[in-house]
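I opened this notebook page to record which side-chain contacts I looked up and in what order. My entries begin with rings and then turn to charges.

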Amino acid sequence: MKMTLIAGSNNSGSVSTRLLRYLESLLVSDGITVSFVDIRELQLPLYSPESGQNPGALRLQNEIVNADALIVATPEYHGSISGALKNALDYLTPGHVEGKPVLSVSSAGGPLGISSLTHLQTIVRNLHGVNCAEWISVGYGSNDFAPDGVPLDAGVRERAAAVLGQLIKMTRLLSAGTVVVTG
Ligand SMILES: Cc1cc2nc3c(=O)[nH]c(=O)nc-3n(C[C@H](O)[C@H](O)[C@H](O)COP(=O)(O)O)c2cc1C
């Protein structure tokens, strides 16, 4: 099983990226192959239908096409996802994402970033991905990490394990063809 993780913050000290790195560490200890794409490093120009291809967009598209499942992390910005992540997702079509389970992750300044999660799930739906039944968000009171990257909040650690369990189960079912999803 291979998963691609997409970090959607343009902030070098990003909390959502730290949470995503923690999820990555759990997946790796479970023996799952992970590819980590930080959109800060892709240097994507503002999407235009006329701009043609660029190396960052090609890498993003290839990492998604080659994955069995995706995890996408976003900051909550003004009740939605970051502009940087939206720009990256605009480079995608349903052909890249169709039928893949997608787990949404967010971080907020308030206690939780639910609006960004629902907006992200709407975009996933429009890209014909299959939203994971669970999601995870951290915010004020639950967004501190130890130097080794482990969340200090026990509830976050428990939730992280639970959402990954759901995602892995969904990915196995979809990969086995037990569940058929059409776009
Ligand atoms: C432009 C901007 C808008 C924000 N809007 C919200 C918001 O609507 N709700 C909220 O709870 N926090 C908001 N925040 C706080 C961020 O969600 C918070 O700092 C979060 O950790 C950012 O994620 P990141 O660290 O992964 O970049 C906003 C921050 C910025 C810079």
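**Entry on rings.** I searched for aromatic pairs and found that the structure holds one. That pair is formed by Tyr47 and Tyr91, and I noted it as edge-to-face, with 5.1 Å from centre to centre and 80° between the planes. I then looked up where the two residues sit, and the pair turns out to link distant parts of the chain, 44 residues apart. Tyr47 belongs to the loop between helix H2 (39–42) and H3, while Tyr91 belongs to the loop between helix H4 (83–89) and helix H5 (94–97). I should keep in mind that I am reading a predicted model here. For accessibility I wrote down that Tyr47 is partly exposed, with a relative accessible area of 37%, whereas Tyr91 counts as buried at 6% relative accessibility.

**Entry on a charge over a ring.** I next checked Arg21 and found that this residue lies over the face of Phe36, at 3.5 Å from the ring centre. Arg21 itself is partly exposed, its relative accessible area being 42%.

**Entry on salt bridges.** I reminded myself that side chains of opposite charge can pair when their charged atoms come close. Searching the whole structure, I found five salt bridges, and I followed some of them by residue.

I stayed with Arg21 to begin with, whose side chain meets that of Glu24 in a salt bridge of 2.8 Å, N to O. Because Glu24 and Arg21 are three residues apart in helix H1 (residues 15–29), about one helical turn separates them. Glu24 has 16% relative accessibility, so I entered this residue as buried, the cut-off being under 20%.

**Entry on Glu63.** Which residue forms a salt bridge with Glu63, the closest N and O atoms being 3.5 Å apart? I found Arg59 in that role, and since the two are four residues apart in helix H3, they too are separated by about one helical turn. I recorded Arg59 as partly exposed, with a relative accessible area of 31%. Salt bridges with shared partners join Lys2, Arg59 and Glu63 into one network.

I then looked up the contact with Lys2, where the side chains of Glu63 and Lys2 meet in a salt bridge at 3.5 Å, N to O. This pair links distant parts of the chain, for Glu63 is in helix H3 (residues 55–65) and Lys2 in strand E1 (residues 2–7), 61 residues apart. My last note on Glu63 is that it counts as buried, at 16% relative accessibility.

Conventions:
Residues are numbered from 1 along each chain as its sequence is written. This is a predicted model: local features need pLDDT of at least 70, side-chain atom pairs count only at pLDDT 80 or more; totals for chains, interfaces and linings use all residues. Side-chain values use heavy atoms; hydrogens and water are left out. Buried means under 20% relative accessible area, exposed over 50%, partly exposed in between (1.4 Å probe, protein chains only). Rings of Phe, Tyr and Trp (its six-membered ring) pair if their centres lie within 6.5 Å; planes under 30 degrees apart count as stacked, over 60 as edge-to-face and the rest as tilted. A charge sits over a ring if NZ of Lys or CZ of Arg is within 6 Å of the ring centre and within 35 degrees of the ring normal.
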